[in-house]
Structures are given as structure tokens and as C-alpha cells.
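Got your viewer open? Load the model below, turn on the cartoon view, and let's take a walk through it.

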Amino acid sequence: MKKTWYVSIHLPEEEKTGHYSRRSETFVSEAEAKKFAATKFAAGTEISAGTLNPVTPKRIIKPSEIEKWLSEKTSLAGR
């Protein structure tokens, strides 16, 4: 199955490798991405998410919008 969503997590200083401060995971569906994001959000991790190219319409969820996104109903298509 083609992966269509990503969730990017901000790494704490002690987990950084080199100069990278974020790590991303990819998912087949929005529902899977939300499940992963909800776990990280509950742990207090700063996260962002969005659709991968060439998925349209393009969706980018900033850290300040994550809580709202998690509360939205997920489409059946999974986008």
C-alpha cells in the first residue's frame, strides 16, 4: 500500500543525531497517522503532520494545529 501521510516529531536534545532535530514516520492512512500522533502528543512531544506528494489536496498540520486535527473526524477514504 502507498503511504500518504507523515508525522514529524521534534527530538529532545539528548536524542538528536548530528544536526537533525526532527524525525518523521510515514503512514498508509490518516487514521494510522493520527493514532501515532495522538500517542506522541499525549507524551508532550511537539509534532507536525501532513500528506505526502502527490496526494491532493495537500494538507499540512502545524504544531499549533495538531490538537484540532486529532479531534477532527477522519475521512473514510483515509486520504
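Select P54 to start: this residue sits in the loop between β3 and β4. (Strands here are DSSP runs of E, at least two residues long, and helices are runs of H or I, at least four long, both numbered from the N terminus.) Show the backbone between N53 and P54, and you'll find a cis peptide bond with omega at about 5 degrees. Now slide along to P57, which also lies in the loop between β3 and β4. The peptide bond from T56 to P57 is cis as well, with omega near 0 degrees. Why stop for these? Because most peptide bonds are trans.

A quick note before moving on: this is a predicted model, where local features need pLDDT of at least 70, side-chain atom pairs count only at pLDDT 80 or more, and totals for chains, interfaces and linings use all residues. Residues are numbered from 1 along each chain as its sequence is written, and side-chain values use heavy atoms, leaving out hydrogens and water.

Next, select residues 47-51, which is strand β3. Is this strand buried or exposed? All 5 of its 5 residues are buried, so β3 is largely enclosed by the rest of the structure. (Buried means under 20% relative accessible area, exposed over 50%, and partly exposed in between, using a 1.4 Å probe and protein chains only.) Turn on side chains: I47, A49 and T51 point one way, while S48 and G50 point the other way.

Zoom out to see the sheet. Its 4 strands are in the order β2-β1-β3-β4, an open sheet with antiparallel pairing. (Two strands pair if DSSP finds at least two bridges between them.) At the edges are β2 (22-27) and β4, each pairing on one side only. Strand β1 (residues 5-10) is joined to β3 by 5 bridges, and β1 pairs with β2 over 6. On the other side of β3, 2 bridges lead to β4 (residues 60-61), where I61 is the bridge partner of A49.

Last stop: select S8, in strand β1. S8 is buried, with a relative accessible area of 5%. Its bridge partner in β3 is S48, and it stands opposite S24 in β2. Now pick R22 too: S8 and R22 are 14 residues apart in sequence, yet their C-alpha atoms are 6.3 Å apart. Their side chains make a polar contact at 2.9 Å (a pair of N or O atoms within 3.5 Å; within protein, one must be able to donate a hydrogen and the other to accept it, and residues adjacent in sequence count only if both atoms are side-chain atoms).
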